[in-house]
Amino acid sequence: MAAPLEVLFSSDASGQLWNACVWDLETGSSLTTYKGGSTSPRTLATLGQDYLIGANPTKPLLNVWSLQKRNQSQMRMVCPGRVTSLDVSPDGSYCVAGIADKIHVWQVCNGNLLAVVSRHYQNINCIKFTEDGSHFVSGGEDNLVIAWSLVRLVSISQYSQSRPEPRHVWSGHSLPVTDLHVGCGGSKARVISSSRDNTCKLWDLSSGELLCTLVFDSCITSVAMDNMELRVFAGDSNGNIHAVAMFTQPVKTERHITTNTASHEGVTVFKGHQKQVTCLSVSMDGTRLLSGSHDTSVKIWDVFSGQCVRTIAHKDVITNVFLKQTPRGVALPDSRPLLPLQHFKRHLVSTQADDTISDKSQVFDVWLHETHQLNKYMAHPASNEMKKSSSYDDHTQAKLEEEVLRLQGDVDHLQSANQDLYQYAVHNILASK
């Protein structure tokens with residue numbers, strides 16, 4: 001049987017049957033499950049094509065599973081604190097997590113902690129990457145939405161003492177940010193944010209401008225857009241989902257939408273959930289909408305008719321729901337992960353490197369001092385007789401000096417290569433942004 005084009009990932013707060021589950025979007029059948037605890041809201045993500053990662057809701061731990069059926073052992077990674085939000089770059093190279101008010105950036109291939117930045121003033125609720133992985137956006141309890149350049153953030157954190165600055169800081173919301181969605185277009189994408197202030201705001205990532213504000217009559221708890229950005233889907237605290245067509249009316253900077261807004265005005269309300277809508281996701285072709293709620297159900301909607309075509313029951317509050325093009329690990333359940341996964345480090349890699357270089361420098365300085373003293377002793381005339389009877393081997397001394405010079409050359413070569421890579425990133429990658 002061929003693997004489906006898209007699969008549904010979900011998790012609930014109980015963890016009774018499993019931590020996370022993969023479902024077939026068309027049939028609603030369970031494809032595979034991953035056991036061990038539960039996952040906190042907006043922290044479940046695929047790590048490349050072979051792993052699934054999620055944060056423990058009460059402890060400073062990240063749970064990681066291999067997507068393949070033959071090896072679903074759970075790996076636990078200790079973090080500096082409890083993770084409140086998490087996302088992974090589309091290529092699986094970087095993992096960004098919000099821990100309290102700080103953003104942590106890990107490189108997945110080696111587990112190095114590349115950057116820790118603090119720009120929010122309260123807990124970070126959500127993090128989303130652009131489709132090309134060049135930027136990510138964070139939203140927090142402090143009402144702020146902040147856009148970051150990944151390359152700039154990592155390079156400044158590692159090679160400069162200055163504080164990394166975000167690309168944009170949007171302070172338009174008056175209450176905490178509840179959800180984010182980043183559209184297509186990479187660094188030129190549009191970002192939509194939802195807040196408890198009953199609004200959704202559409203931002204332009206390239207210019208930083210506020211394009212549009214949608215004002216609702218209830219608290220908005222989740223938001224999503226289709227790939228064509230024709231519709232905005234906003235889930236509220238009452239269980240309703242508002243589907244707003246963006247181009248059926250003349251473009252306005254502020255648009256007021258109520259539950260009773262007529263459909264001819266481009267607004268459709270999907271009714272079916274009994275409690276707060278926690279998460280939304282749209283299929284690649286824009287025909288299906290997924291929603292998770294506090295009423296312990298995941299619903300699949302037909303976008304054009306507004307009808308619920310399938311309900312998937314869970315045991316507790318839905319914490320994560322998203323659609324994903326079927327990863328290799330799910331499509332080929334008997335395969336093995338292509339690359340082993342390294343544990344994420346808890347300390348910055350630059351600090352570790354500085355300590356290592358300092359230790360090596362001290363050893364090298366001691367060796368130079370001892371060599372200098374030995375040369376002075378050997379050059380003294382009174383030591384000629386002792387030279388003859390000494391057990392000191394000139395040949396051994398020469399070999400040691402040759403080995404030290406070789407190692408020093410290797411160090412110089414690596415430092416030069418590192419500097420070349422940094423200069424290439426600065427002049428070629430940053431210059432094109």
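Start by selecting Ser-281, which sits in strand β25, residues 277-282. Keep in mind as you click around that this is a predicted model. Is Ser-281 buried or exposed? Its relative accessible area is 10%, so it counts as buried.

Now show what surrounds Ser-281. Leaving aside residues up to four places away in sequence, Ser-281 touches Arg-288, Leu-289 and Leu-290, and also Val-321, Phe-322 and Leu-323. Pick out Leu-323 from that group and draw a distance from its backbone nitrogen to the side chain of Ser-281: a polar atom there lies 3.1 Å away.

**Next stop: Ser-293**

Move along to strand β26, residues 288-293, and select Ser-293. This serine is buried because its relative accessible area is 0%. For a sense of place, turn on C-alpha atoms and look for Cys-279: it is 14 residues from Ser-293 in sequence, and the two C-alpha atoms are 7.1 Å apart in space.

What does the side chain of Ser-293 reach? Look for the backbone oxygen of Lys-275, at 3.1 Å. Then check Asp-295, whose backbone nitrogen lies 3.1 Å from a polar atom of the Ser-293 side chain. So that you can colour the rest of the surroundings: not counting residues up to four places away in sequence, Ser-293 touches His-273, Lys-275, Gln-276, Val-277, Thr-278, Val-317 and Ile-318.

**The five-stranded sheet**

Switch to cartoon view and find the open sheet of five strands, ordered β16-β17-β18-β19-β23. Its pairing is mixed. Which strands are at the edges? They are β16 (177-182) and β23 (254-256), each pairing on one side only. Ignoring direction, neighbouring strands in this sheet are turned by 15 degrees against each other on average.

Zoom in on the β23 edge. Strand β19, residues 210-215, runs parallel to β23, and three bridges join them. To see a facing pair of residues, select Leu-214 and look across to β23, where Arg-255 stands opposite.

**A look at the cysteines**

While you are here, colour the cysteines. How many disulfides does a search of the whole structure find? The count is zero. Cys-212 is in no disulfide, and the nearest cysteine sulfur, belonging to Cys-200, is 9.7 Å away. A disulfide would need the two sulfur atoms within 2.5 Å. Cys-212 has 8% relative accessibility, so it counts as buried. Select Cys-21 too: with 1% relative accessibility, this cysteine also counts as buried.

**The four-stranded sheet**

Go to the open sheet whose four strands come in the order β4-β5-β6-β7, with antiparallel pairing. At its edges are β4 (45-47) and β7 (74-78), each of which pairs on one side only. Neighbouring strands here are turned by 30 degrees against each other on average, direction ignored.

Inside this sheet, highlight strand β5 (residues 51-55) and strand β6 (residues 61-66), which pair in the antiparallel sense over five bridges. Which residue in β6 is the bridge partner of Tyr-51? Select Ser-66 and you have it.

**Last stop: the aromatic rings**

Finish by showing the Phe, Tyr and Trp side chains. The model has nine aromatic pairs. Begin with Phe-129 and Phe-136, a tilted pair with 5.6 Å centre to centre and 50 degrees between the planes. Phe-129 is buried, with a relative accessible area of 8%, and Phe-136 is buried as well, at 0%. Add Trp-148 to your selection, since Phe-129, Phe-136 and Trp-148 form one aromatic cluster.

Now jump to Phe-233 and Phe-270. They make another tilted pair, 6.4 Å centre to centre, with 45 degrees between the planes. Where does each ring sit? Phe-233 is in strand β21 (residues 231-236) and Phe-270 is in strand β24 (residues 267-270). The two are 37 residues apart, and their pairing links distant parts of the chain. Both Phe-233 and Phe-270 are buried.

Methods
Residues numbered from 1 in each chain as written. Predicted model: local features only at pLDDT ≥ 70, side-chain atom pairs only at ≥ 80, totals over all residues. Heavy atoms only, no water. Pairing = 2+ DSSP bridges. Axes fitted to C-alpha atoms, helices over the stretch in contact; angles between N-to-C directions. Buried < 20%, exposed > 50% of the residue type's maximum accessible area, 1.4 Å probe, protein only. Phe/Tyr/Trp six-rings, centres within 6.5 Å; stacked < 30°, edge-to-face > 60°. Polar contact = N/O pair within 3.5 Å; in protein donor to acceptor, adjacent residues only side chain to side chain. Contact = heavy atoms within 4.5 Å.
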